[in-house]
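The exercises below are to be worked with the sequence and the coordinates open. Each one sets a task and then gives a solution in steps.

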Amino acid sequence: MTKISPSILSADFSRLSSEMDKIKAAGADWAHLDVMDGMFVPNITFGPPVIKDLRKCSDLVFDAHLMIQDPVRYIDRFADAGCDIITVHCESEGDVQAAVRKIRDHGIKVGVSLNPETPLEKIMPIMDDADLALVMTVHPGFGGQSFIHDCVPKIRRLSEWSEREGRDMEISVDGGVNDETARICVDAGATVLVAGSFLFKSDDMAGHIRDWKAMRRSE
């Protein structure tokens, strides 16, 4: 079954507790927490204090997507805030391998992400230590962008690598996910769909989530 992870970036920040209840009631498996520092991407969102408060009102899996420079500096704080998965970008400045090790030391699942223009080879040296690969299908930093179809081969190649290596790895896709692109991603091997504006603007979030969760990869 495909896992669905609504991106809180598109939620109403004035009522985040209610928004967490909403996505859970709609059938979401995870909550995707987009953390931006204004340096790695030209936007700023929220950090560990907000996640810590959200943890009090939700038992969903928290996947913190750290779009920040030198993430090793903050791993302890995100772990203490209650994240279940911490995803770092291979393009980040600083020691990404050290960040991965620190996440692992906390007993938290490790995610590694790459941007649309980044070749897959950039993250492969880290994949042996990862539980999740996050393929960005938009340029990170803002919601509501269109899906970049040129990223689909990366999803397929990661899926093939995971199968070949006997890895039980989650392959997540973030950016421009809707009914059409969700099907494309699942067929390429995605196991987790991250969606923000499409779900939060929909009149039938639960219906879309139900349909996406039922998707199976076409042979």
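**Exercise 1. Contacts of P71**

Task: Find which residues P71 touches, not counting residues up to four places away in sequence, and decide whether P71 is buried or exposed.

Solution. The model is a predicted one.
Step 1. Not counting residues up to four places away in sequence, P71 touches L66, V88, S92, E93 and A99.
Step 2. P71 is found in the loop between strand 3 and helix 3.
Step 3. The relative accessible area of P71 is 0%, and buried means under 20%, so P71 is buried.
Step 4. The C-alpha atoms of P71 and G94 are separated by 7.4 Å, with the two positions 23 residues apart in chain numbering.

**Exercise 2. Two other residues of the loop**

Task: Place D70 and Q69 in the chain, and class each by its accessibility.

Solution.
Step 1. D70 lies in the loop between strand 3 (61-67) and helix 3 (75-81), and Q69 is found in the loop between strand 3 and helix 3 too.
Step 2. Phi of D70 is near 45°, which is a positive value in a residue other than glycine.
Step 3. D70 has 23% relative accessibility and counts as partly exposed.
Step 4. Q69 has a relative accessible area of 13%, so it is buried.
Step 5. With neighbours within four places in sequence left aside, Q69 is in contact with D37, M39, F40, S92 and E93.
Step 6. From Q69 to L9, 60 residues apart along the chain, the C-alpha separation is 19 Å.

**Exercise 3. V61 in strand 3**

Task: State which residues V61 contacts, leaving aside its neighbours within four places in sequence, and how it is classed by accessibility.

Solution.
Step 1. V61 is found in strand 3.
Step 2. Its contacts, with neighbours within four places in sequence left aside, are D29, W30, A31, D84 and I85.
Step 3. At 27% relative accessibility, V61 counts as partly exposed.
Step 4. V61 and K201 are 140 residues apart in sequence, and their C-alpha atoms are 22 Å apart.

**Exercise 4. Length and cover of helix 5**

Task: Check the span of helix 5 against 1.5 Å a residue, then find what covers its buried residues.

Solution.
Step 1. Helix 5 runs over residues 152-164 and has 13 residues.
Step 2. At 1.5 Å a residue the helix should span 18 Å; its end C-alpha atoms are 19 Å apart, which agrees.
Step 3. The buried residues of helix 5 include V152, K154, I155, L158, S159, W161 and S162.
Step 4. An α-helix has 3.6 residues a turn, so residues three or four places apart point the same way.
Step 5. The cover over the buried residues of helix 5 includes strand 5 (109-114), strand 6 (132-136), strand 7 (170-174) and helix 6 (179-188).
Step 6. Just after helix 5, G166 takes a positive phi of about 70°.

**Exercise 5. The whole chain**

Task: Decide whether the chain is as compact as a globular protein of its length.

Solution.
Step 1. The chain holds 8 helices and 8 strands.
Step 2. Its radius of gyration is 16 Å, close to the 17 Å that the globule rule gives for 219 residues, so the chain is as compact as a globular protein of that length.
Step 3. Buried residues make up 54% of the 219 residues.
Step 4. Among contacts with a separation of 6 or more, 64% come from residues 24 or more positions apart.
Step 5. The chain carries 25 positive and 36 negative side chains, and the centres of the two sets lie 2 Å apart.

Technical notes:
Residues are numbered from 1 along each chain as its sequence is written. This is a predicted model: local features need pLDDT of at least 70, side-chain atom pairs count only at pLDDT 80 or more; totals for chains, interfaces and linings use all residues. Side-chain values use heavy atoms; hydrogens and water are left out. Helices (H or I, at least four residues) and strands (E, at least two) are DSSP runs, numbered from the N terminus. The radius of gyration is taken over C-alpha atoms; the globule rule is 2.2 Å times the number of residues to the power 0.38. Buried means under 20% relative accessible area, exposed over 50%, partly exposed in between (1.4 Å probe, protein chains only). Contact means heavy atoms within 4.5 Å. Lys and Arg count as positive and Asp and Glu as negative; His and the chain ends are not counted. The place of a charge is taken as NZ of Lys, CZ of Arg, CG of Asp or CD of Glu. The expected span of a helix is 1.5 Å times one less than its number of residues.
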